[in-house]
Amino acid sequence: RTDAGETTVYVRILGDDNHTTTKSSSGTITISKRRVTYTSGSSSKQYNNKELTDNTVKLTSGSLVNGHTASFTVTGTITNVGSVPNTLSSVIIKDSSGKDVSSNYDITKINGTLTIKGTPLSTVSSSNKTYNGSVQTGVSGEYVDLSGTISATDAGEYIAYATPKSNYEWVEGGTEKRTIKWSVLKADSTNPTLNAYSGTYDDVSHTIGVTNGYGGTINYSTD
């Protein structure tokens with residue numbers, strides 16, 4: 001027997017004119033499959049909207065019979081950020097004549113991993129503003145999705161949120177959602193110019209002139 005498997009051989013001596021025939025005796029030929037392990041390659045890169053594959057395969061355990069060769073089919077592929085198995089779909093082993101002898105091997109297939117990392121381009125920044133009566137934007141970023149309050153008119157404190165867009169990550173690494181606090185500060189009021197009145201009693205109500213004041217509501221009071 002050459003191939004892996006088991007064969008029982010029966011032997012007896014046939015009688016002749018001077019000898020009797022013996023009972024059969026048996027023996028077993030057992031050939032175990034040759035154990036080998038193949039592992040597909042692992043690769044990683046940053047996202048660039050292009051497919052990542054790795055068709056390399058290594059024999060990581062065992063050995064082939066001299067003259068035997070192996071061929072492989074690897075089907076792992078990934079384009080967007082994440083990780084997938086680099087699937088080693090098949091291993092075919094042939095002898096020197098080209099005959100498929102894979103059935104004589106106990107083949108273990110181990111998958112590598114394909115990983116695409118987010119491109120580290122996402123940034124976010126904030127700046128406080130001073131009230132001017134118009135809508136002002138306090139938060140901006142690149143390659144991020146913004147939510148919450150990123151623009152406001154009135155003075156106050158505001159909160160916005162930023163998350164890297166799909167297939168991107170923060171320049172510092174990571175894809176976590178970030179909280180950004182910013183404010184519209186109160187504008188300084190400007191004191192008005194007062195034009196005082198001075199005169200002799202004449203039983204008529206008099207006022208002072210107020211010009212150029214800016215800010216909140218002008219409040220009048222007297223001693």
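Strands here are DSSP runs of E at least two residues long, numbered from the N terminus. The model is predicted.

**Exercise 1. Place glycine 98 and classify its exposure.**

Step 1. Glycine 98 belongs to the loop that runs between β8 (88–94) and β9 (105–110).
Step 2. The class partly exposed covers the range between the cut-offs of 20% and 50% relative accessible area.
Step 3. Glycine 98 has a relative accessibility of 42%, so it counts as partly exposed.
Step 4. Valine 36 is 62 residues from glycine 98 along the chain, and their C-alpha atoms are separated by 19 Å.

**Exercise 2. Describe the overall form of the protein chain.**

Step 1. Count the elements: the protein chain has 21 strands and zero helices.
Step 2. Set the radius of gyration against the globule rule. A compact globule of 223 residues would have a value near 17 Å, whereas the protein chain has 43 Å.
Step 3. Take the box along the principal axes: the C-alpha atoms fill roughly 170 × 30 × 20 Å.
Step 4. Add the surface. About 15,300 Å² of the protein chain is exposed, and 46% of this comes from carbon and sulfur atoms. Buried residues make up 21% of the 223.
Step 5. Look at contacts with a separation of 6 or more: 50% of them join residues 24 or more positions apart.
Step 6. For the charges, the mean position of the 19 positive ones lies 16 Å from that of the 20 negative ones.

**Exercise 3. List the largest nonpolar core and find the strands that contribute to it.**

Step 1. The largest nonpolar core consists of ten residues: Val139, Val144, Ala152, Tyr158, Ala160, Ala162, Trp170, Ile180, Trp182 and Val184.
Step 2. Two or more of these residues come from β17 (156–164), and β19 (178–185) likewise gives two or more.
Step 3. A separate, second core has nine residues, among them Val36, Tyr38, Val74 and Leu88.
Step 4. Such grouping follows a general tendency: in soluble globular proteins, nonpolar side chains tend to be buried together.
Step 5. Now take one core member, tyrosine 158. Beyond its neighbours within four places in sequence, tyrosine 158 contacts Thr149, Ala152, Ile180, Lys181, Trp182 and Val184.

**Exercise 4. Tyrosine 47 and asparagine 49: which is buried and which is exposed?**

Step 1. Tyrosine 47 lies in the loop between β4 and β5. Asparagine 49 is found in the loop between β4 (43–46) and β5 (57–62).
Step 2. The cut-offs are under 20% for buried and over 50% for exposed.
Step 3. Tyrosine 47 has 17% relative accessibility and therefore counts as buried. Asparagine 49 has a relative accessible area of 53%, so it is exposed.
Step 4. Inspect what tyrosine 47 touches. Leaving out residues up to four places away in sequence, the list is Thr79, Asn80, Val81, Ile116, Lys117, Thr119, Asn167 and Tyr168.
Step 5. Leucine 114, 67 residues from tyrosine 47 in sequence, is 12 Å away from C-alpha to C-alpha.

**Exercise 5. Examine the backbone at asparagine 49 and aspartate 203.**

Step 1. Asparagine 49 is not a glycine, yet its phi is positive, at about 65 degrees.
Step 2. Aspartate 203 also has a positive phi, near 65 degrees, in a residue other than glycine.
Step 3. Locate aspartate 203: the loop between β20 (193–195) and β21 (209–211) holds this residue.
Step 4. Aspartate 203 has 63% relative accessibility and so counts as exposed.

Notes. Residues are numbered from 1 along each chain as its sequence is written. This is a predicted model: local features need pLDDT of at least 70, side-chain atom pairs count only at pLDDT 80 or more; totals for chains, interfaces and linings use all residues. Side-chain values use heavy atoms; hydrogens and water are left out. Helices (H or I, at least four residues) and strands (E, at least two) are DSSP runs, numbered from the N terminus. The radius of gyration is taken over C-alpha atoms; the globule rule is 2.2 Å times the number of residues to the power 0.38. Buried means under 20% relative accessible area, exposed over 50%, partly exposed in between (1.4 Å probe, protein chains only). Contact means heavy atoms within 4.5 Å. Accessible areas come from the Shrake-Rupley method with a 1.4 Å probe; for residues, only the protein chains shown count as cover. Lys and Arg count as positive and Asp and Glu as negative; His and the chain ends are not counted. The place of a charge is taken as NZ of Lys, CZ of Arg, CG of Asp or CD of Glu. A nonpolar core is a set of buried Ala, Val, Leu, Ile, Met, Phe, Trp, Tyr and Cys residues joined through side-chain atoms within 4.5 Å.
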